[in-house]
Amino acid sequence: MNIFKKTYWLIYPFLIVIFMLLFDQIYKTDSLIPKALVCGFIAFILSPRKKIIKTQAGVVKQITWIFLKKPILLNS
């Protein structure tokens, strides 16, 4: 989990590259803009979210992701 806490922001660009490669194999298109828009939208939906939550202990950053059951708390 410590690796995910430090590198969660890399998931979004990684997902865009993966979806661009998959999209290129499925649909043979040369136009980059529609392909990038579709892949960016799918990557945005599947990427982790960062929320700032106020608790009694102070302000805490929370990372939620569709593939994780429990949120990850970051100390700030």
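Two rings of Phe, Tyr or Trp count as a pair if their centres lie within 6.5 Å, with the six-membered ring standing in for Trp, and planes over 60 degrees apart make the pair edge-to-face. In this predicted model, a search of the whole structure turns up 1 aromatic pair. The partners are W65 and F67, which sit edge-to-face with 5.1 Å from centre to centre and 90° between the planes.

How exposed are the two partners, going by relative accessible area? W65 comes out as partly exposed, at 22%, while F67 is exposed, at 55%. The label for W65 follows because buried would call for a value under 20%, and W65 has 22%. Another ring, that of F44, has a charged neighbour instead: R49 lies over its face, 4.6 Å from the ring centre.

As for the fold, the chain holds 3 helices and 3 strands, and these run along the sequence as α-α-α-β-β-β. The overall outline is not that of a compact globule: 76 residues packed that way would give a radius of gyration near 11 Å, whereas the chain has 16 Å. Taken along the principal axes, the C-alpha atoms fill a box of roughly 55 × 20 × 20 Å.

Burial and surface round off the picture. Of the 76 residues in the chain, 22% are buried. The exposed area of the chain is about 6200 Å², with carbon and sulfur atoms supplying 69% of that surface. Among contacts with a separation of 6 or more, 35% link residues 24 or more positions apart.

Notes:
Residues are numbered from 1 along each chain as its sequence is written. This is a predicted model: local features need pLDDT of at least 70, side-chain atom pairs count only at pLDDT 80 or more; totals for chains, interfaces and linings use all residues. Side-chain values use heavy atoms; hydrogens and water are left out. Rings of Phe, Tyr and Trp (its six-membered ring) pair if their centres lie within 6.5 Å; planes under 30 degrees apart count as stacked, over 60 as edge-to-face and the rest as tilted. Buried means under 20% relative accessible area, exposed over 50%, partly exposed in between (1.4 Å probe, protein chains only). A charge sits over a ring if NZ of Lys or CZ of Arg is within 6 Å of the ring centre and within 35 degrees of the ring normal. Helices (H or I, at least four residues) and strands (E, at least two) are DSSP runs, numbered from the N terminus. The radius of gyration is taken over C-alpha atoms; the globule rule is 2.2 Å times the number of residues to the power 0.38. Contact means heavy atoms within 4.5 Å. Accessible areas come from the Shrake-Rupley method with a 1.4 Å probe; for residues, only the protein chains shown count as cover.
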